[in-house]
Amino acid sequence: MIGASAETARIVLVGLEDQDNLGLRYLSSRLRQMGHCTRIVTVTEGPGPVLGAIQELVPHIVGFSLIFQYLVPQFARLLAGLRANGVTAHFTMGGHYASFEPEALLAAIPALDSVVVFEGEDTLLELAEHIAAAADWRCVAGIAYRGRTGTTLNPVRPGRRDLDELPWPDRDDIDYTRQQLPLASIIGGRGCPWKCSFCSIVTFYEGNGTKGRRWRDPKRIVDEIEYLHNERGIRILLWQDDDFLAGGARGIQWAHAIGRECIARGLHRNVRWKISCRSDETRLDTLQPLVDAGLAHVYLGVESGDADNLKKMNKRETAEDHLMAGEVLRQLGLSFDFGFMLLEPWSTFTTLRNNISFLRRFAGDGAAVIGFVRLLPYAGTAVHSRLVAEGRLSSHQLDADYRFMDPRLDAFYDWMLAAFHERNHSPSGTFLLLRLLLFETHLNLPGNPVDRALKEHVKALTAVSNRMVLDMLEDAAEYIESLSSVPANDPVLESLCRHSIAENRRIRRDLTVLLSGYPGTMAYSSCRLQPIRTAEPRASRAS
Ligand code: B12
Ligand code: SF4
C-alpha cells in the first residue's frame with residue numbers, strides 16, 4: 001500500500017533527544033518523502049509539549065521512540081496522560097526494547113495500540129497510510145498489536161539492504177546555529193558484525209535479516225556533511241555508528257574513502273569528527289588518515305580490563321589491546337573517552353580489583369576521565385538470556401536487573417552509587433565537565449586555537465579526580481571483602497562515602513575557579529547553566 005494512499009497522513013513523533021534523534025528523524029524524512037506531514041517533539045515528564053503538538057497537527061498517529069528501555073515507565077505515564085486529555089489518535093511505539101519485547105510493552109502500556117518492530121521507516125509509513133485511509137491496519141507487516149486471544153505479531157518486514165535509498169534525516173526543525181559550537185549527529189552505516197554479549201545491536205539487526213554491517217555510499221555521506229557544514233553551520237560531527245571501523249579491511253577502506261572525500265572538498269579544514277570504535281581497531285595507520293580528514297575525538301568501547309570479564313562479555317579483546325589503543329590516541333594527540341563496566345553479573349572481588357588496577361594504567365595520568373557503570377542486561381542481549389537461564393533476572397517496571405553472586409558486591413555497588421553519584425551522574429558533575437574540557441582543549445579548529453596551559457591544567461585536574469576515585473574504590477573494595485557480611489549503615493563505608501563526596505566537591509571547586517578564567521569555553525557555560533545536583537538515588541539505571 002506504500003504510496004497508494006490518497007490521504008495525507010499526519011504523524012507526531014515523540015522521543016528523547018539528547019543529541020539529534022536519528023531514529024525519529026529518519027522516520028520523519030521517509031514519511032515526508034511520500035508526501036505526509038510530520039512533527040517531532042522531545043519527550044517530557046508531563047504531557048504538555050506533546051499535547052500542544054497534537055492539538056496543532058491533529059495527527060492520525062503518534063509514534064513514540066523507545067530506544068532506552070529504562071524509559072518505559074515515563075512513556076506509560078505520558079501515554080496515559082494524553083489519553084486522559086482526550087487524545088484518540090493511534091499510538092504506536094518502536095525502538096530496541098519495543099522490538100524485543102512487544103508483548104510486555106503492550107501489557108505495560110494499555111494506551112498503546114500497536115508496536116513497530118525493528119527498523120521502522122517503511123512499516124510506519126504503511127501503518128500511517130492505512131490509518132489515514134481508514135483501512136484495516138492490522139495486516140501491516142512488522143507490527144504487533146493486541147489480538148482477541150493475546151498479542152498478535154505479524155510477519156517481520158525484511159530490512160533494506162541499500163541504505164542510500166533512504167532520504168537524509170529530517171533536520172528542518174533544528175536550529176544548529178543557536179549552539180555555541182554547532183554539532184550534528186550523522187550515521188554512515190547500520191549494524192555491527194561483532195557479538196558482545198551485553199549489546200543489542202547484533203540481535204536488533206538480525207531481527208529483520210540485515211545482520212552485519214551495511215554502509216552508505218561515502219560520496220553521498222559527504223554530500224550530507226557538506227550540506228550540514230555549508231547550509232547549517234555544523235562544525236562537529238557525531239558519528240552514531242556503534243563501531244565506525246567495524247567490518248575489517250572493508251570497513252577501514254570505507255572510512256578512509258569518506259576521509260579522502262572530505263579532504264577533496266576542503267571539509268577537513270572546518271569540520272571535526274567524533275567516532276566510536278573498538279580498541280583492536282585503534283591503530284596509527286588506520287586513524288592517521290581520519291585525523292587528517294578531521295577526526296578529533298574517539299569513544300572507545302573498553303568495557304573491562306579483566307580477562308574473565310572480557311570473556312563473559314565476549315569482547316574478543318584483551319586489556320593489552322585497550323592499553324595499546326590508549327597509547328595510539330595519546331600519540332595522535334586526540335581526546336578520548338571510554339565506556340567501562342566495573343561490575344558485571346559474574347564479577348568477583350578479584351575481577352573488581354583487576355579492573356581498578358587496569359583503570360590506573362589506562363587513564364591514571366588524566367588523559368581521559370574515569371567513569372564506570374555496572375553491566376545492565378538489556379532485552380535482546382546474550383547476557384539477558386543467560387541470566388534468565390540461571391534464574392537470576394529480576395525486573396522492576398520492565399527494567400531488567402540482577403543481584404551479584406557475592407552479596408557483598410551488592411553492598412559495594414550501593415556504596416559506589418552513593419559515593420560517586422554527584423561526580424559521575426550529575427548533569428554538571430565533575431565527570432561531564434572534565435570530559436567536555438578535555439574535548440575542548442584538544443579541539444583544533446580555525447577560530448578556536450588550542451590553549452596549551454589550559455590543556456595541561458585540565459589533564460592534571462583529571463588525574464587528581466581519577467586517582468581520588470580509584471583510591472576510594474580500592475579502599476571500599478578491600479574493606480568490604482574483609483567482612484563476612486556488610487551491615488546496613490556501616491560507619492566505615494559511610495565515612496568513605498562522605499570523604500569521596502567531599503573530595504569531589506573540592507576538585508569541582510578547583511575546576512570552577514579554573515573555568516572562571518575561561519568564560520568563552522563550552523564547559524564554563526555548561527557549568528553555569530546547570531547547578532550541581534546532590535541527590536543520591538539508588539537508581540539501577542544510573543548503572
Ligand atoms: C546516539 C545514541 C545515544 C545518544 C542519545 C541519542 C538521542 N536520541 O538523544 C547518547 C550518547 C546520549 C546515548 C546515551 C545512552 N545510551 Co545510547 N545509543 C545511541 C546509538 C549509538 C545510536 C542511536 C541511533 O541514532 N540509531 C540509528 C537509528 C536510525 O536507529 P534507531 O534509533 O534504532 O531507530 C530505528 C528503529 O529503532 C525504529 N524506531 C526507533 N524509534 C521508533 C519510533 C517509532 C514510532 C517507530 C515506528 C520506529 C522506531 O525505527 C528507526 C529507524 O529505522 C544507539 C545504538 C544504535 N545503533 O541504535 C545506542 C543505544 C540506543 N544506547 C543505549 C544505551 C544503553 C545508552 C545509555 C543508557 C548508556 C549509559 N549507560 O549511559 C545512555 C542513556 C541516555 C540517556 N539520556 O539516558 C542502548 C539502548 C539499550 C536499551 N535497550 O535500552 C543502545 C541500543 C546501544 C546498545 N548497543 O545497547 N545514546
Ligand atoms: S558493543 Fe560495540 S563492538 Fe560489540 S557488538 Fe555492540 S556495537 Fe559491536
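1. In strand β11, I186 has W239 as its bridge partner. Strands here are DSSP runs of E with at least two residues, helices are runs of H or I with at least four residues, and both are numbered from the N terminus. β8 and β11 (residues 236–239) run parallel and are joined by 4 bridges; two strands pair if DSSP finds at least two bridges between them.

2. A word on reading this: the model is predicted, so local features need pLDDT of at least 70 and side-chain atom pairs count only at pLDDT 80 or more, while totals for chains, interfaces and linings use all residues. Residues are numbered from 1 along each chain as its sequence is written, and chains are lettered from A and ligands numbered from 1 in the order in which they are written.

3. Back to the sheet, which is open, has 6 strands with parallel pairing, and follows the order β8-β11-β12-β13-β14-β15. β8 (183–186) and β15 (373–374) are at the edges with a single partner strand each, so one side of each has no neighbour in the sheet.

4. Now ligand 1: there are 34 residues around it, with G23, G63, S65, G94 and G120 coming nearest (near is a C-beta atom, placed from the backbone, within 6 Å of the molecule or strand). Elements giving two or more residues to this shell include β3 (61–65), β4 (90–94) and α6 (121–132). The most come from α1, with 4 residues.
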